[in-house]
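Let's take a walk through this fold, from its charged pairs to its sheets and aromatic rings. Have the structure open as you read.

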Amino acid sequence: MARRAEITRSTKETQIEISLSLDGGESEITTGVGFLDHMLSAFALHGGFGLCCKVKGDLEVDAHHTVEDTGIVLGQAFASALGDKARIARYGSFFIPMDEALAFCAVDISARPFLVFDVKFNNFETGGFDYSLVEEFFRAFAFNAGVTLHIRELYGSNDHHVAEAVFKAAAHAMSAACAPKNGVLSTKGSL
């Protein structure tokens, strides 16, 4: 089974091309938003995913459409790469410490999209990146991937460390949930 997907999405606000391999490969991230590039590069590396992401967005407005739409397309790529969701571990969870910060993520690849995002940032932005967009990204991702995602910051004072711990925890949790396993992990017999 090829655990790969290529998704293209074009709107008046963004043009996005994403190719994803759940089993690794090269990564090249170019969104026009430096902080998002950094977070997605960490996500790909820590998840063991091959991820090529090319985004052009209406950054003259702000980064909102670029960040949210990237989450939408990445979620669609995961849904496509997972296919019928048979033969995966389904669940994954992970804690990531990053200096003074500690973040946790738990995922259920369930076809029941939901996001619980319990993360508080101390500042509005850094380097022009609005921290509220982290939640927007993960909401778009969860609902388009068809996953239940719980993300929590246990503590942390440096917003960059908190955000990076969140992305890395999500990467490890998704990697564990996508891991090959025999059968379908559902009493219903399908997800």
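R3 is buried, with a relative accessible area of 10%, where buried means under 20%, exposed over 50% and partly exposed in between (1.4 Å probe, protein chains only). Its salt-bridge partner is D23, with 3.1 Å from N to O, and D23 counts as exposed at 51%. A salt bridge here is a side-chain nitrogen of Lys or Arg within 4 Å of a carboxyl oxygen of Asp or Glu. D23 sits in the loop between β2 and β3 and R3 in the segment before β1, so the pair ties together parts that are 20 residues apart in sequence.

A word on the basis: this is a predicted model, where local features need pLDDT of at least 70, side-chain atom pairs count only at pLDDT 80 or more, and totals for chains, interfaces and linings use all residues. Residues are numbered from 1 along each chain as its sequence is written, and side-chain values use heavy atoms, leaving out hydrogens and water.

By the salt-bridge rule the count comes to nine. Here are three of them, with the N to O distance:

| Acid | Base | Distance |
|---|---|---|
| D23 | R3 | 3.1 Å |
| D108 | R90 | 2.6 Å |
| E135 | R139 | 2.9 Å |

E135 and R139 are four residues apart in helix α3, about one turn of the helix. Both ends are partly exposed: E135 at 27% and R139 at 32%. Elsewhere, salt bridges that share partners join R90, D108 and R112 into one network. Within that network, D108 is buried at 10% and R90 is buried at 7%.

Now the strands and helices, which are DSSP runs numbered from the N terminus (helices H or I, at least four residues; strands E, at least two). Two strands pair if DSSP finds at least two bridges between them. Four strands form an open sheet in the order β1-β2-β4-β3, with mixed pairing. At its edges are β1 (4-10) and β3 (27-30), each pairing on one side only. β1 runs antiparallel to β2 (residues 14-21) over seven bridges, and R9 has I16 in β2 as its bridge partner.

β5 and β6 (residues 101-108) are antiparallel over eight bridges, including the one between I96 and A103. The two strands make a hairpin with two residues between them, and D99 in the turn has a positive phi of about 55 degrees. β7 (residues 114-118) pairs in the parallel sense with β10 (residues 148-155) over five bridges. L115 and F117 lie on the covered face of β7, while F114, V116 and D118 lie on the uncovered one.

How many aromatic pairs are there? The count comes to 14, taking rings of Phe, Tyr and Trp (its six-membered ring) with centres within 6.5 Å; planes under 30 degrees apart count as stacked, over 60 as edge-to-face and the rest as tilted. F95 and F104 have ring centres 4.6 Å apart and planes at 40 degrees, so the pair is tilted. F95, in β5 (residues 91-98), is partly exposed at 46%, and F104 is partly exposed at 22%. The rings of F137 and F141 are 6.4 Å apart between centres with planes at 10 degrees, so this pair is stacked. F137 is buried at 2%, as is F141 at 1%. Both belong to one aromatic cluster with F43, F49, F78, F138 and F167.
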